[in-house]
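Work through these exercises with the sequence and the structure side by side. Try each task before you read its solution.

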Amino acid sequence: TEQPPTIAHWRGHGLKGIEVVCHAGYCRHAGRIEFDALPLSDETPFQDVARRLRFRCTVCGAREYTVRVDWSGFNAPGMVRHRGRHGSDALRGGDHS
């Protein structure tokens with residue numbers, strides 16, 4: 001059977017950490033934590049991060065959250081970052097104008 005991705009797997013793809021997003025009501029506060037700051041082994045399955053670490057929202061105090069890989073700052077090969085119409089960053093193929 002295929003093993004779930006580990007922290008080491010995501011590091012190997014150039015990703016630096018996790019993003020934790022609050023799901024209490026309309027809070028939606030988000031925070032980023034680098035893998036190096038986590039008290040977990042690189043061999044920890046990523047799906048276990050939320051179970052092993054208990055987070056609390058620093059805005060509303062809730063413990064309802066999602067943990068996901070932090071994709072901010074990641075540029076896939078062949079992709080370039082540009083400014084969108086409203087000033088937001090977006091990715092597009094490097095071959096297109």
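**Exercise 1. Find out how enclosed strand β1 is, and which strands pair with it.**

Step 1. Start with burial. Six of the six residues of β1 are buried, so β1 is largely enclosed by the rest of the structure. Keep in mind that this model is predicted.

Step 2. Look for the first partner. β1 pairs with β2 in the antiparallel sense, over five bridges. As an example, take Val-20: its bridge partner in β2 is Gly-31.

Step 3. Look for another partner. Strand β3, residues 65–69, also pairs with β1. The sense is antiparallel, and there are five bridges. Here Val-21 stands opposite Thr-66 of β3.

**Exercise 2. Place the strands in the whole chain, and judge the confidence of the model.**

Step 1. Count the elements. The chain has two helices and five strands.

Step 2. Read them in order. Along the sequence the pattern is α-β-β-α-β-β-β.

Step 3. Check the burial of the chain. It has 97 residues, and 28% of them count as buried.

Step 4. Check how far contacts reach along the sequence. Take the contacts between residues at least 6 apart in sequence: 50% of these join residues at least 24 apart.

Step 5. Now turn to confidence. The average pLDDT of the chain is 84, and 78% of the residues score at least 70. Residues 88–97 have a pLDDT below 50. Beyond near neighbours in sequence, this stretch has 25 contacts in the model.

**Exercise 3. Decide whether Glu-19 and Val-20 are buried or exposed, and list what they touch.**

Step 1. Locate Glu-19. It sits in strand β1.

Step 2. Apply the cut-off. Buried means under 20% relative accessible area. Glu-19 has 12%, so it is buried.

Step 3. List its contacts, leaving out residues up to four places away in sequence. Glu-19 touches Ala-30, Gly-31 and Arg-32, and also Thr-66, Val-67, Arg-68, Val-69 and Asp-70.

Step 4. Repeat for Val-20. This residue is in strand β1 as well. Its relative accessibility is 11%, so Val-20 counts as buried.

Step 5. List the contacts of Val-20, again without neighbours within four places in sequence. Among them are His-29, Ala-30, Gly-31 and Ile-33. Phe-55, Tyr-65, Thr-66 and Val-67 are also in contact with Val-20.

Step 6. Compare sequence with space. Val-20 and Val-69 are 49 residues apart in sequence. Their C-alpha atoms are 8.7 Å apart.

**Exercise 4. Describe the largest pocket and its lining.**

Step 1. Give the volume. The largest pocket has about 160 Å³.

Step 2. Find the residues at its centre. The lining has 15 residues, and the closest to the centre are Val-20, His-29, Phe-55, Arg-56 and Cys-57.

Step 3. Assign the lining to elements. β1 (17–22) and β2 (30–34) are the elements that give two or more residues. β2 gives the most, with four residues.

Step 4. Sort the lining by character. Nine residues are nonpolar, three are polar and three are charged.

**Exercise 5. Examine the backbone at Arg-28.**

Step 1. Find Arg-28. It lies in the loop between β1 and β2.

Step 2. Recall the general rule. Most residues other than glycine have a negative phi.

Step 3. Test the residue. Arg-28 is not a glycine, yet its phi is positive, about 55°.

Step 4. Add its exposure. Arg-28 has 46% relative accessibility, so it counts as partly exposed.

**Exercise 6. Contrast Val-49 with Arg-51.**

Step 1. Locate Val-49 and Arg-51. Val-49 is in helix α2, residues 49–52. Arg-51 is in helix α2 too.

Step 2. Set their accessibilities side by side. Val-49 is buried at 0%, whereas Arg-51 is exposed at 62%.

Step 3. See what Val-49 meets. Neighbours within four places in sequence aside, its contacts are Ile-7, Ile-18, Leu-40 and Val-67.

Step 4. Read the distances. Val-49 and Thr-6 are 43 residues apart along the chain, with C-alpha atoms separated by 9.5 Å. Arg-51 and Val-67 are 16 residues apart, and their C-alpha atoms are separated by 9.7 Å.

Definitions and conventions:
Residues numbered from 1 in each chain as written. Predicted model: local features only at pLDDT ≥ 70, side-chain atom pairs only at ≥ 80, totals over all residues. Heavy atoms only, no water. pLDDT = per-residue confidence, 0-100. Contact = heavy atoms within 4.5 Å. 1 Å grid on protein atoms, 1.4 Å probe; cavity = no way out; pocket = protein on both sides within 12 Å on 5 of 7 lines; lining within 4 Å. Points joined across faces, edges and corners; volume = space filled by probe spheres on them. Nonpolar A, V, L, I, M, F, W, Y, C, P; charged D, E, K, R; others polar. Buried < 20%, exposed > 50% of the residue type's maximum accessible area, 1.4 Å probe, protein only. Pairing = 2+ DSSP bridges.
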